[in-house]
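Let's take a walk through this protein together. Keep the viewer open and follow along.

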Amino acid sequence: MADHALDLARKVLDSQPFSRLVGARVTAFADGEAVLEVDVRPELHQQNGFLHGGVISYAADNAITFAAGTVLGPAVLTAGFSVQYVRPGVGRTLVARASVVHAGRRQAVVRCDLLTRDQEGGAENLCAVAQGTVLSAAQREGPSDG
């Protein structure tokens with residue numbers, strides 16, 4: 001079942017044109033957690049040669065939403081999130097690891113660590129932390145309000 005869920009998450013990510021543009025991939029998706037990875041390349045840098053904050057923010061948003069989707073179901077939307085940059089993003093791969101902190105029936109609070117993996121693919125350095133709230137977008141069953 002976990003493999004099926006991961007395959008479905010990968011299809012959802014691939015349906016997002018911007019995710020394809022940055023080359024994002026989901027590498028874990030289950031039990032309140034999700035991991036999104038992006039290979040760092042020159043087109044994703046800012047003027048000082050570091051990974052652009054917008055790419056880091058994108059990864060946080062998507063990883064947070066995917067993690068929430070493991071507990072709320074597939075129809076979810078980000079209600080809001082914040083990101084704090086702690087050091088420049090330098091490395092070969094950006095890794096966004098998100099985990100659900102609290103979930104109710106209609107919303108989840110999720111935290112995400114954003115790390116860069118070094119050129120050898122081993123050591124990881126924290127470059128940002130994020131937290132967000134994700135809402136279920138599923139239609140409630142029952143009589144319509146109007």
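What follows goes from the sheet to the helix, then to the core and the cysteines.

First, some ground rules: this is a predicted model, where local features need pLDDT of at least 70, side-chain atom pairs count only at pLDDT 80 or more, and totals for chains, interfaces and linings use all residues. Residues are numbered from 1 along each chain as its sequence is written, and side-chain values use heavy atoms, with hydrogens and water left out.

Start with the sheet. It is open, has six strands in the order S1-S2-S4-S5-S6-S3, and its pairing is antiparallel. Here strands (E, at least two residues) and helices (H or I, at least four) are DSSP runs numbered from the N terminus, and two strands pair if DSSP finds at least two bridges between them. Strands of a sheet pair through backbone hydrogen bonds, in either the parallel or the antiparallel sense. At the edges sit S1 (24-30) and S3 (76-85), each of which pairs on one side only.

Now zoom in on S1 and S2 (residues 33-39), which are joined in the antiparallel sense by six bridges. Val26 stands opposite Leu36 of S2, while Ala28 has Val35 in S2 as its bridge partner. The two strands make a hairpin with two residues between them. What is the phi of Asp31, which is not a glycine? It is positive, about 50°. That's worth a look, because most residues other than glycine have a negative phi. Asp31 lies in the loop between S1 and S2, and at 76% relative accessibility it counts as exposed; exposed means over 50% relative accessible area, buried under 20%, and partly exposed in between (1.4 Å probe, protein chains only).

Over in S5 (residues 107-117) you'll find Arg117. Buried or exposed, then, for Arg117? At 16% relative accessibility, Arg117 counts as buried. Leaving out residues up to four places away in sequence, Arg117 touches several residues, among them Glu37, Arg92, Arg97 and Glu124, where a contact is heavy atoms within 4.5 Å.

Next up is helix H3 (residues 53-72). Its 20 residues reach 28 Å from the first C-alpha to the last, close to the 28 Å expected at 1.5 Å a residue; the expected span is 1.5 Å times one less than the number of residues. H3 is mostly covered, with 15 of its 20 residues buried. After H3 comes Gly73, whose phi is positive, near 100°.

The helix and the sheet come together in the largest nonpolar core, which has 36 residues; Val26, Leu36, Tyr58, Leu94, Cys112 and Leu114 touch the most other members. Helix H1 (2-14), S1, S2, H3, S4 (93-103), S5 and S6 (124-136) each give two or more residues to this core, and the largest share, 11 residues, comes from H3. Such a core is a set of buried Ala, Val, Leu, Ile, Met, Phe, Trp, Tyr and Cys residues joined through side-chain atoms within 4.5 Å. Leu36 shows this well: beyond its neighbours within four places in sequence, its contacts include Leu13, Val26, Tyr58, Ala59 and Leu94.

Finally, the cysteines. How many disulfides does a search of the whole structure find? Zero, where a disulfide is a pair of cysteine sulfur atoms within 2.5 Å. The sulfur of Cys112 is 9.6 Å from the closest cysteine sulfur, in Cys127, so it is too far for a bond. Cys112 is buried at 1% relative accessible area, and Cys127 is buried at 0%.
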